[in-house]
Amino acid sequence: MMDPLQMEWAMNESFRALPSVEELLQNHTLRGYERKVGRAVVVDAVRASLDATRANIRAGHAAPMPALLIDDITARIEKSVQPTLTRVINASGVILHTNLGRAPLSQDALHAIQDTAASYSNLEYDLDAGERGSRYIHAEELIKKLTGAEAALVVNNNAAAVMFILRAFAEHKQVIVSRGQLVEIGGGFRVPDVLRESGAQMVEVGTTNRTRASDFENGINANTALLLRVHPSNFRVIGFTAEVSLEELSALGHKHKLVVVDDLGSGALLETTTYGLAHEPMPQESLRAGADLITFSGDKLLGGPQAGIIVGKKEFVEKLKAHPLARALRVDKLTLAALQATLLHYLKSEAAQKIPVWQMISAQLDVLEQRANVWCERWKKFGLDASVVDALSTVGGGSLPGETLPTRAVALQVSSPHAFMEKLRAQQPPILARIENNRVLFDPRTVLPHDESALLDAVESASRILAH
Ligand SMILES: *Cc1c(COP(=O)(O)O)cnc(C)c1O
């Protein structure tokens with residue numbers, strides 16, 4: 001053991017042994033990098049590396065050998081010129097994983113983006129008339145056909161759609177909403193906050209578990225503008241519960257000349273019960289129930305790009321289109337290209353075959369098992385303790401709470417599941433799996449076919465690193 005004085009002396013020696021920023025910049029390798037990526041990037045990496053090294057020395061480590069310091073700096077330079085947003089392989093079994101970008105797009109949607117983005121397009125040009133056209137038509141007609149709505153409008157996301165409607169129809173006025181629907185969707189979307197930010201005044205009625213039509217009726221006064229229903233998409237209330245049906249709410253709203261709005265969240269265009277799931281509300285149903293405006297996401301169960309879709313009565317949609325916020329919330333051409341391609345899958349009745357989210361939901365258990373078997377055999381050959389197990393996938397993304405789909409996953413028995421998961425995340429591309437019963441689970445349902453070989457390699461490479 002060194003005494004404190006000796007330790008301080010050793011530490012000071014280590015600090016003195018560190019080269020300066022200027023000295024490091026003269027290094028041959030780093031000068032090469034400077035020519036390639038510019039001085040600013042190299043200087044940043046040198047400073048960051050020296051800061052980290054000093055922290056290490058303070059923690060009791062010796063100064064690194066010069067060659068190691070250069071290695072650390074070059075690794076930092078390499079990393080800093082890589083994009084931070086990258087592809088990730090989702091083996092977690094959560095289909096609409098909000099942190100992983102929700103819905104992967106179909107091949108047609110990708111081609112549409114590529115096609116539209118690499119050239120000019122008729123985004124706002126009417127090719128028949130030879131004059132200025134509207135960007136809205138590209139998705140609107142399709143949405144109208146698919147939902148039966150009189151009119152439609154697409155904005156940046158569903159949160160924007162809800163905020164926009166509240167602002168356009170209820171600024172400085174009152175909006176009545178059931179206490180059972182004052183939900184937080186996640187990612188900062190809380191119904192009370194959205195209402196406040198829109199400039200509307202929230203009037204809560206009913207209780208957490210039970211709200212009746214009479215609660216709404218008693219809440220209506222001369223200042224009321226809108227009745228709002230929010231689909232509590234990410235949780236379920238069970239037991240002694242009651243909510244007002246959309247039919248009742250619409251009838252009540254129309255009797256009092258109020259706008260009735262239904263925020264569906266996910267809003268499925270296909271019937272989810274076909275796939276053994278609970279029923280997820282569909283925009284068609286809300287229209288039939290009499291809602292004036294209905295909103296849903298483009299990248300949840302629709303399986304398309306991030307967007308907020310508004311459907312409903314023409315007079316209300318027209319008012320939105322004429323509102324100054326419409327310009328601020330408008331979607332770009334890449335979104336429209338992907339959305340149109342996604343909607344066309346529904347029109348052609350090929351959504352379940354062509355849209356990844358629906359392919360995953362509709363994947364057959366025997367197919368999942370086959371894939372799991374192939375992975376399992378390969379990892380066993382590699383020397384890993386792998387087995388195929390029964391597991392459950394979930395839809396996620398704030399839809400179908402508590403609903404699961406039976407799957408067959410590969411379970412890896414490793415000494416430290418958390419350390420293994422960390423190594424998986426450090427792979428290129430990174431892998432996200434999940435831990436269950438102290439084993440690392442890989443669910444084939446959410447692994448896209450074109451990611452499969454990368455996944456197989458990455459797992460082996462992660463276990464190789466841990467073995468050393
Ligand atoms: C997900 C969700 C939103 C937010 O939609 P984004 O497209 O993520 O903006 C709003 N309301 C409900 C009920 C939701 O489920």
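Colleague: How many cavities of 30 Å³ or more does the structure hold?
Modeller: This is a predicted model, where local features need pLDDT of at least 70, side-chain atom pairs count only at pLDDT 80 or more, and totals for chains, interfaces and linings use all residues. Residues are numbered from 1 along each chain as its sequence is written, and side-chain values use heavy atoms, without hydrogens or water. A cavity is a set of points on a 1 Å grid over the protein atoms alone where a 1.4 Å probe fits but cannot get out. Cavities of 30 Å³ or more number two.

Colleague: What volume does the largest cavity have?
Modeller: The lining (residues with an atom within 4 Å of a point) consists of R135, Y136, A139, E140, L153, V154, V331 and L336. By class it has six nonpolar, no polar and two charged residues. Here Ala, Val, Leu, Ile, Met, Phe, Trp, Tyr, Cys and Pro are nonpolar, Asp, Glu, Lys and Arg charged, the others polar. The volume (probe spheres set on grid points joined across faces, edges and corners) is about 40 Å³.

Colleague: Which elements each supply at least two residues of that largest cavity's lining?
Modeller: Helices (H or I, at least four residues) and strands (E, at least two) are DSSP runs numbered from the N terminus. One helix and one strand each reach at least two lining residues: α7 (137–147) and β5 (151–155).

Colleague: How much space lies in the second largest cavity?
Modeller: S178, Q181, F216, L228, R229, E243, V244 and L249 line the second largest cavity. They split into four nonpolar, two polar and two charged. The space in the second largest cavity is about 30 Å³.

Colleague: And how much space lies in the largest pocket?
Modeller: A pocket is an open set with protein on both sides within 12 Å along at least five of seven lines. The largest pocket is lined by 27 residues, with V88, L100, P104, L105 and L448 nearest its centre. By class, that lining has 14 nonpolar, nine polar and four charged residues. The space in the largest pocket is about 730 Å³.

Colleague: Which element gives the most to the lining of the largest pocket?
Modeller: At least two lining residues come from each of β1 (89–90), α6 (107–118) and α17 (356–362). The most from one element is three residues, given by α17.

Colleague: Which domains each give at least three residues to the lining of the largest pocket?
Modeller: The domain assignment (automatic or from a database) gives domain 1 (4–80), domain 2 (89–97 + 359–467) and domain 3 (106–351). At least three lining residues come from each of domain 2 and domain 3.

Colleague: How far apart do the C-alpha centres of domain 2 and domain 3 lie?
Modeller: Both domains feed the lining of the largest pocket. The distance from the C-alpha centre of domain 2 to that of domain 3 is 34 Å.

Colleague: Where does P429 sit?
Modeller: The peptide bond from Q428 to P429 is cis, with omega near -5 degrees. Most peptide bonds are trans. P429 lies in the loop between α19 (417–425) and β16 (431–432).

Colleague: What is phi of K257 near?
Modeller: K257 lies in the loop between α11 (246–255) and β11 (259–265). Most residues other than glycine have a negative phi. For K257 the value is positive, near 60 degrees.
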